[in-house]
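These notebook entries record what I looked up in one structure. I begin with a single residue and then turn to the chain as a whole.

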Amino acid sequence: DDLAKVLKKHSDVLVVGFFSAEEIEKGYQGELFMDAARAVEEYEFVYTYDASIATTGDNAAPTEEGAAAEEQQYQGSIVIFKNFDEKRSVFPVTPESKIEELTDWILKMSTPKLMQFSQDRSRQIFKGPIKNHMLTFVETSGTYMDGLKETLATLADDHRGEMLHVYVPSSEDRVMSYFGLEKKDLPRTVIVDISKADGGAGSMKKYLFSGSKLHTLEDLRQFESDFFAGVLSPVLKSEDDKPGNMRGKVKVIT
């Protein structure tokens, strides 16, 4: 009942540790769990001594054998309960587990494979551990929308934890303007690398998808693979040159 209440309150993401009392109070498991709870402020952390409670609920195993296997899997583990994607993600804690590894895993697996950009989510996107983002700009009322979302969700499995996949509605005027896009251009896709931007947008590298507007899975998969292979060239936003820029004593370089 306690788990059901806290899951209802924190339905998006809840981090649960399944440990014995001794592991929580004296073991490396409890120390790691408490360190992670202090380090990750975005989500609620709870723990329980009874792994069997994870085998009940809406997305629990449908058979007794499955429930028993889940209970054995969860004991000594940290589990993310979420209302999207695979619903549960499991991190088995071992003596070799490091706090950096665990916090990165929590932040990655608590992020939807495909998300819609909004100002509320901008911190999750730009301050998160994943520094490569594929942004697809769309008209949400477009006839292509359902198929494109399905394509992007499938693509997101290829480099999960390495590439964040986000679709940006055309109503996000500031983001559209930053990338120099207009509604008539949509859908358009760009990969941005903010690894050198300290979480901001000022020094991000941008790679524009030049494939078909159909945005097929094959084309997008090749685009993403080319990015990780290092064969793409970043695009630069530039002011248009003017014939008179180089005629006077002062030259204007765009």
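**Entry 1: a threonine in a strand**

Which residues does Thr48 touch, not counting residues up to four places away in sequence? I worked on a predicted model, and I listed the partners of Thr48 as Val16, Gly17, Phe18, Phe19 and Ile53. I placed Thr48 in strand E2, which covers residues 44-48. I then looked up the accessibility of Thr48 and found a relative accessible area of 16%. Buried means under 20%, so Thr48 counts as buried.

**Entry 2: a threonine in a loop**

I next turned to Thr143, in the loop between strand E6 (132-138) and helix H7 (145-155). Is Thr143 buried or exposed? The relative accessibility of Thr143 is 84%, and the limit for exposed is over 50%, so I entered Thr143 as exposed. I also took the C-alpha to C-alpha distance from Thr143 to Glu71, which is 44 Å, with their positions 72 residues apart in sequence.

**Entry 3: the chain as a whole**

I noted nine helices and nine strands in the protein chain. How does the radius of gyration stand against that of a compact globule of 254 residues? The globule would have a value near 18 Å, but I read 23 Å for the protein chain. The C-alpha trace spans about 80 × 40 × 35 Å along its principal axes.

I recorded 41% of the 254 residues as buried. The accessible surface comes to about 14700 Å², and carbon and sulfur atoms account for 48% of that area. Among contacts with a separation of 6 or more, 65% join residues 24 or more positions apart.

For charge, I recorded 31 positive and 43 negative side chains. The centres of these two sets lie 11 Å apart.

**Entry 4: the nonpolar cores**

In soluble globular proteins, nonpolar side chains tend to be buried together. I therefore looked for such groups here. The largest nonpolar core has 19 residues, and the members that touch the most others are Val15, Phe45, Ile78, Ile80, Leu102, Trp105 and Ile106. Which elements give two or more residues to this core? I found strand E1 (13-18), helix H3 (28-39), strand E3 (77-82) and helix H5 (99-109). H5 gives the most, with four residues.

I followed one of these members, Ile80, through its contacts beyond four places in sequence. Its partners include Val13, Leu14 and Val15, as well as Trp105, Ile106 and Met109. Lys87, Arg88, Ser89 and Ser110 are also in contact with Ile80.

I also found a second, separate core of 18 residues. Among its members are Phe117, Leu135, Leu181 and Val190.

**Entry 5: backbone exceptions**

Most residues other than glycine have a negative phi, and most peptide bonds are trans. I looked up the exceptions.

Where is Asp85 found? Asp85 is in the loop between E3 and strand E4 (88-92), and I read its phi as near 50°, a positive value. The relative accessible area of Asp85 is 32%, so I entered the residue as partly exposed.

Lys87 is also in the loop between E3 and E4. Phi of Lys87 is positive, near 70°, and Lys87 is partly exposed, with a relative accessible area of 34%.

The peptide bond from Leu186 to Pro187 is cis, with omega near 0°. I located Pro187 in the loop between helix H8 (173-178) and strand E8 (188-193).

**Entry 6: the segment after H9**

I closed with two residues of the segment that follows helix H9 (217-229). Lys251 lies in that segment and has a relative accessible area of 43%, so I recorded Lys251 as partly exposed. Which residues does Lys251 touch, not counting those up to four places away in sequence? I found Asn245 and Met246. The C-alpha atoms of Lys251 and Asp185 are 33 Å apart, for residues separated by 66 places along the chain.

Thr254 is found in the segment after H9 and is partly exposed, at 39% relative accessibility. Leaving aside neighbours within four places in sequence, I listed Ser238, Glu239, Asp240, Asp241 and Asn245 as contacts of Thr254. From Thr254 to Lys242, 12 residues apart along the chain, the C-alpha separation is 9.0 Å.

Definitions and conventions:
Residues are numbered from 1 along each chain as its sequence is written. Side-chain values use heavy atoms; hydrogens and water are left out. The radius of gyration is taken over C-alpha atoms; the globule rule is 2.2 Å times the number of residues to the power 0.38. Buried means under 20% relative accessible area, exposed over 50%, partly exposed in between (1.4 Å probe, protein chains only). Contact means heavy atoms within 4.5 Å. Accessible areas come from the Shrake-Rupley method with a 1.4 Å probe; for residues, only the protein chains shown count as cover. Lys and Arg count as positive and Asp and Glu as negative; His and the chain ends are not counted. The place of a charge is taken as NZ of Lys, CZ of Arg, CG of Asp or CD of Glu. A nonpolar core is a set of buried Ala, Val, Leu, Ile, Met, Phe, Trp, Tyr and Cys residues joined through side-chain atoms within 4.5 Å.
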